Amino acid sequence: MSHHQSGEDVVDLAVVGAGINGLAIARDAAARGLRVVVVDRADAGSGTSATSSRLIHGGLKYLERYDFTLVHESVRERHLLFRNAPHLVRDYPMLIPFYAGNSRPGPLLRLGVAVFDAMAAGRGRGRGRGVSNRRIAMRWPHLEQKGLRGGVLFNDAQVPWAERLCIELLLDARHLGARILTHTTVTGLLRSGDRVTGIRTRENRSGHEREIRAHLTVNAAGPWIDRVLDGQIVSKRLNGGTKGSHLIVDPFPGAPSTCIFFEAAADRRPIFVFPWEGRYMLGSTDLTYEGDLDEVVTDQSEIDYLLAETNRIFPGAGLTPDDVVYTVAGVRPLPYAADVTDNAKISRGHTVLDHGPAHPGLLSIIGGKLTTHRALAEDVTDAALKALGRAPRRCTTRTRPLPGADTSDYAAFREEFVHGSPLSAAQRGRLLDIYGVRARRVLALAEEDPALLDVVDEESGAVAAEVVLAVNEEGAATLGDILLRRTLIGLGSDMGRGAAPRCARIAAPHLGWDEHRIQEEIAAYDEELRPFRPRSLRTPAAPESQERSML
């Protein structure tokens, strides 16, 4: 979605980073009348935002650290997401079993859930309850029984497609007047004396350079915040993010119907095994990471750890590395803390750091998480208005629905769409879960050109109109943007490699790609997939001749 115009830009806010926090900041600030531009060297939501556990935590685990403020904030934000994005967020019950020898005994867990339910009164998703061994054996018969001392069934939430949450923030921010420049690298900060006055940028493909002058620059680059500052201003280290890895596997013998949240035997870290879009996600790790932030890959030791713990809690699973469809690894944007021996104790809250008076005109955002992105954005815009010397303006994002939920009655819309769409039941459900009310746009494109109802990916049932929508209305600029973060075809069993040639050719006339560029995009997409360690890269994608014949 990179787009450059001649002349010099002058904006109120230049935001570095189009992850979920940067996009949420742009949306909130634009809604309050500020002129905003967001710049990211890759695609929107393509970094840490796409590597989370996809859970909308109410904040139960933060009670262990007595972080009641974060619990209250998480409960509130979970409640708002259910209201403002009902197509993207769903209820997600999880069983927390406890075993003899666990560091967190059953009575303590039951007490924690009771305290949480009291704090979430009026905003909860149903009260947690204790579960006996007998009940566990009936509902989760394949769970390890040896040493089992009961459990707690806790009600939380999930956003299966975190990528789409980012895209909807992008769409709304853009609708409110913000500009989003993706695939554009920030090469430096503009300075006037000690004051930061904007950013220098370079468009990745064309090499076009420009300066964007801003009354205030917001460094929202997640784990890359120190890199943005490096060599530009003097600052202490801000980011101390930890690496989290997940494994994606197919259903396995004894796989549960709900999330299981249990204590690992190896290091006593709480980890998950949970259903996710027809597969299972195992995770996550929480490791100190000092490596290259652009080369974050799940290590074999992490694969072995997560498989061993899953096989232990589900003795009949028999999972091996060959069962891993792909892996997902990212670095959490946590505050730097020296000499920490337990990464779980690092705060999951956020801080808005004003670099003034040493370097006025610059804010850096430390921390932040998927659940509380909207609250972070509200705090940042409040701080920005203060730094700009502007009068406070009321935040509207608490009540503003995301574009896919922009209807007075989402349940009624869903019912109407199900009965009025020409697609299969599975396709209708998929479009609603990904696009919400914007599923109408997919059908509208197909009405103009019936060929756009052709299926481009058999596994997901995605249709050609979704590719056109991704390019023309959702800012996709590369094949990876289309497959991984718009249509989500790339999160299937072969990570979209079979569908890639056809999708590239559908996108080509809309993006001005010739045959050479199409082949470049297909090759670049394979490279983008390599950090996922996908099983599909061990087998060839569908032959090009077959893909051509399908057009």
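Here are a few notes on the salt bridges in this predicted model.

1. Overall tally. The count comes to 48 salt bridges. The points below pick out some of them, with the contact distance and the burial of the partners where available.

2. Arg41 and Asp294. This pair forms a salt bridge in which the closest N and O atoms sit 2.4 Å apart. Arg41 is in the loop between β2 (36-39) and β3 (55-56), while Asp294 is in the loop between β15 (287-288) and α7 (300-313), so the contact ties together parts that are 253 residues apart in sequence. As for exposure, Arg41 has 36% relative accessibility and so counts as partly exposed. Asp294, at 35%, is partly exposed too.

3. Asp526 and Arg497. Here the closest N and O atoms of the salt bridge are 2.9 Å apart. Asp526 belongs to helix α15 (residues 515-529) and Arg497 to the loop between α13 (479-485) and α14 (500-511), so this pair joins parts 29 residues apart in sequence. Are these partners buried or exposed? Both Asp526 and Arg497 are buried.

4. Glu211 and Arg213. These two form a salt bridge as well, with 3.1 Å between the closest N and O atoms. Glu211 comes out at 32% relative accessibility, which means partly exposed. Arg213 has 30%, so partly exposed is the label there too.

5. A network. Which residues are linked in a network of salt bridges? Asp43, Asp481, Arg485, Arg486 and Glu528 are the ones to pull up in your viewer.

Key. Residues numbered from 1 in each chain as written. Predicted model: local features only at pLDDT ≥ 70, side-chain atom pairs only at ≥ 80, totals over all residues. Heavy atoms only, no water. Salt bridge = Lys/Arg side-chain N within 4 Å of Asp/Glu carboxyl O. Helix = DSSP H or I, 4+ residues; strand = E, 2+ residues; numbered from the N terminus. Buried < 20%, exposed > 50% of the residue type's maximum accessible area, 1.4 Å probe, protein only.
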